[in-house]
Amino acid sequence: MSNNRHPDTLTIVGAGIVGLAAAIELQRAGFNVTVVDREGAGAGASKGNAGHFATEQVFPLADPAMLPKLPGMLLDPLGPFRIQPQYFLKALPWFLRFLHNMLPSRRANNSRAIKALNQGSIAAIKSLAEFCGCEELLTFNGSLLVFEGTSQQEVHKEFRAYAEAGVEVQLLSGDEVRGLEPSLSVNITNALYFTHVGHTEDPYRLCLALEAKFKQMGGEVVTEELVKISSSNTDSNIRLETNFGSHTTERLIIASGAWSKPFAKQLGYSVPLETERGYHLMMPQRSCLSRPVASYNRKFIITPMQGGTRLAGTVEFGGLKAPLVEARANCLFPHAKALLPELFADASVEDGERWMGFRPSMPDSLPVLGRSQKQSNVFFSFGHQHLGLTWSAITAKLLTQEVLGKQADIDLSPYRIDRFS
């Protein structure tokens with residue numbers, strides 16, 4: 001990392017899609033930006049996510065309807081939402097906050113804050129991709145949420161919930177679903193068609209395209225691991241100690257995803273961030289799907305990718321240190337075979353490539369975004385959980401406005417880091 005002083009030096013810790021998008025926007029705004037990451041661009045959750053720009057997701061994860069199902073879900077080793085038994089006590093404070101966010105008033109406020117970010121996120125990611133010259137990596141032809149044998153009453157209830165929340169959605173019959181995606185199973189009886197969302201066929205390549213543009217603009221990406229942050233109100237410089245040495249910067253942004261909690265702690269904040277271990281199984285078969293397909297009943301998502309078909313969607317609470325559990329990835333295959341029987345007729349789970357990444361999850365489903373209340377030259381952008389890809393460009397834009405001291409396009413108070421104190 002360069003030690004040359006510059007009046008506008010700014011360091012971003014984290015080179016996932018959130019950090020890279022912020023780096024580009026801040027470099028465009030005139031800052032001399034350095035990105036520090038222990039693994040390099042897009043190597044974490046940004047590499048293996050489902051590739052879905054999911055602005056239809058307007059409901060916080062803390063849903064009271066989950067309560068009766070939660071014990072069974074958490075104890076099922078292959079269920080869609082699981083906690084490793086040895087991790088339960090450590091995660092308990094987070095879950096208590098999660099339960100608190102099921103209260104109707106909190107849930108409504110959180111949903112409004114999610115929608116505020118969703119509103120401009122598609123336009124922002126399109127604009128960012130255009131600036132970086134990688135528009136071909138984005139596809140905007142919607143996504144499907146499919147139902148198998150679910151009662152019509154329940155299907156209509158789901159449809160009304162999304163429609164009343166302002167999501168652009170159409171209710172399809174089974175035949176209409178197969179009209180859009182002929183390879184889908186005859187057992188699918190209905191679907192919700194979210195018409196104004198999209199996906200990328202290669203989220204990792206998208207990260208690399210952003211990194212290349214950032215470097216072309218004069219930005220620097222440094223593969224070092226941040227160990228310690230030293231900041232004081234009397235010195236405008238922030239001191240960063242990494243595994244390679246000591247550096248200074250005038251402004252600091254923490255965008256380290258699931259690794260952000262200890263950095264926030266060093267800056268005087270205790271944040272209830274937990275690590276969701278997200279799995280995918282990458283199958284080499286090229287699907288005939290033209291859009292992501294999520295299953296209401298099976299709680300997973302299929303996305304057509306450049307290298308095959310990605311199966312994703314399980315959640316596991318187990319921290320940052322426990323190894324990958326192959327069975328958590330493998331359990332996705334029979335579900336995919338049920339939805340795409342012809343594609344996977346002769347396939348084996350052994351054909352697939354297993355991956356696990358760490359999502360930074362907050363109990364209120366909102367990211368931490370904006371300026372520190374304790375250090376005027378420190379900013380945060382982490383905790384995007386399932387919507388890191390979706391919110392990357394919009395939070396980069398809002399963060400840049402905040403760093404510049406401008407009025408942000410939306411009210412950032414719901415995302416303040418001190419909202420938990």
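## A tour of the charged, nonpolar and buried sites

Start by selecting Arg160, which is partly exposed, with a relative accessible area of 43%. The model on screen is predicted. Arg160 sits in helix α7, which covers residues 152-164. Now add Lys69, Lys157 and Lys299 to the selection: together with Arg160 they form a patch of positive charge on the surface.

Next, select Leu67. This residue is in the loop that runs between β3 (52-53) and α3 (70-75). Its relative accessibility is 43%, so Leu67 counts as partly exposed. Add Phe88, Leu89, Leu92, Leu96 and Leu99, and you have the nonpolar surface patch of about 540 Å² that these residues make with Leu67.

Now turn to the salt bridges. How many salt bridges does a search of the whole structure find? The search finds 15. Three of the pairs are visited here.

- Select Arg107 and Asp63, whose closest N and O atoms are 3.9 Å apart in a salt bridge. Arg107 belongs to helix α5 (residues 104-119) and Asp63 to the loop between β3 and α3, so the pair links distant parts of the chain, 44 residues apart. Arg107 is buried at 17% relative accessibility, whereas Asp63 is partly exposed at 26%.
- Select Arg298 and Glu148, a salt bridge with the closest N and O atoms 2.7 Å apart. Arg298 is in the loop between β16 (293-295) and β17 (300-305), and Glu148 is in the loop between β6 (143-147) and α7, so the pair ties together parts 150 residues apart in sequence. Arg298 counts as partly exposed at 23% relative accessibility, while Glu148 counts as buried at 16%.
- Select Glu350 and Arg354, where the closest N and O atoms of the salt bridge are 3.6 Å apart. Glu350 is exposed, at 58% relative accessibility.

Then select Arg82, Arg277 and Glu316, which are joined into one network by salt bridges that share partners.

Move on to Glu25 in helix α1 (residues 17-28). Is Glu25 buried or exposed? Glu25 is buried, with a relative accessible area of 18%. Beyond its neighbours within four places in sequence, Glu25 is in contact with Leu128, Ala396, Lys397 and Thr400.

Finish with two backbone angles. Ser365, in the loop between β19 (353-361) and β20 (368-371), is not a glycine but has a positive phi, near 65 degrees. Ser365 is buried at 5% relative accessibility. Gln385, in the loop between β21 (378-382) and α13 (388-403), is not a glycine either, and its phi is positive at about 40 degrees. Gln385 is buried, with a relative accessible area of 10%.

Technical notes:
Residues numbered from 1 in each chain as written. Predicted model: local features only at pLDDT ≥ 70, side-chain atom pairs only at ≥ 80, totals over all residues. Heavy atoms only, no water. Patch = residues over 30% accessible without salt bridge, like charges linked within 9 Å, V, L, I, M, F, W, Y side chains within 5 Å. Areas by Shrake-Rupley, 256 points an atom, 1.4 Å probe, with all protein chains shown as cover. Salt bridge = Lys/Arg side-chain N within 4 Å of Asp/Glu carboxyl O. Lys, Arg positive; Asp, Glu negative; His and termini not counted. Charge placed at Lys NZ, Arg CZ, Asp CG, Glu CD. Helix = DSSP H or I, 4+ residues; strand = E, 2+ residues; numbered from the N terminus. Buried < 20%, exposed > 50% of the residue type's maximum accessible area, 1.4 Å probe, protein only. Contact = heavy atoms within 4.5 Å.
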